[in-house]
Amino acid sequence: MQNLAARRWVTRFIIAALALIGARAGAQGPPRFASPALPPNHWAVNAARRAVVLGLTPREIGWAEGSLTQALAGWALLEASERSTSLAPAIHDAVAADWLRFTREFPEVAARLAPHARGP
């Protein structure tokens, strides 16, 4: 009886670990290209901070002395937009609007972050 219970526990653990690995494999990591730093009071930095507070950004966001590059701010906004779909429509709409504004202001950076996304 104990062997059966142990096997079930191990099987469930392995399935959960594989699901977690599969989910992380599909996630895009931080940008691996250089971009200019944004001023600390830039709207995109403030929007990225809001997304962090809401728990919609990856843990790897990497705040460097309170400033972000265009690529990191855009990555945070893109991830937040994708992760906010399960939240209240008003929150998702606001986060998606921030990403859309970013794509308009920084189209080259946005295209590198989300080559599959179509521009406005």
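Trp99, Phe102 and Phe106 are joined into a cluster by ring pairs. The model is predicted, and the account below follows its aromatic rings.

Two aromatic pairs are counted in this structure. In one of them, the ring centres of Trp99 and Phe102 are 5.8 Å apart and the planes meet at 15°, so this pair is stacked. The verdict rests on a cut-off: planes under 30 degrees apart count as stacked. Trp99 and Phe102 both belong to helix 4, which spans residues 89-105, and because they are three residues apart there, about one helical turn separates them.

Phe102 is also paired with Phe106, and here the arrangement is tilted, with 4.9 Å from centre to centre and 40° between the planes. Phe102 thus takes part in the stacked pair with Trp99 and in the tilted pair with Phe106.

The members of the cluster can also be described by their accessibility. Trp99 has a relative accessible area of 11% and is therefore buried. For Phe102 the relative accessible area is 0%, so this residue is buried. Phe106, at 10% relative accessibility, counts as buried too. The cut-off behind these assignments is a relative accessible area under 20%.

Two other rings have an arginine over them. The charged end of Arg101 is placed over the ring of Trp43, at 4.1 Å from the ring centre. Arg112 lies over the face of Phe33, and its distance from the centre of that ring is 4.0 Å.

Technical notes. Residues are numbered from 1 along each chain as its sequence is written. This is a predicted model: local features need pLDDT of at least 70, side-chain atom pairs count only at pLDDT 80 or more; totals for chains, interfaces and linings use all residues. Side-chain values use heavy atoms; hydrogens and water are left out. Rings of Phe, Tyr and Trp (its six-membered ring) pair if their centres lie within 6.5 Å; planes under 30 degrees apart count as stacked, over 60 as edge-to-face and the rest as tilted. Helices (H or I, at least four residues) and strands (E, at least two) are DSSP runs, numbered from the N terminus. Buried means under 20% relative accessible area, exposed over 50%, partly exposed in between (1.4 Å probe, protein chains only). A charge sits over a ring if NZ of Lys or CZ of Arg is within 6 Å of the ring centre and within 35 degrees of the ring normal.
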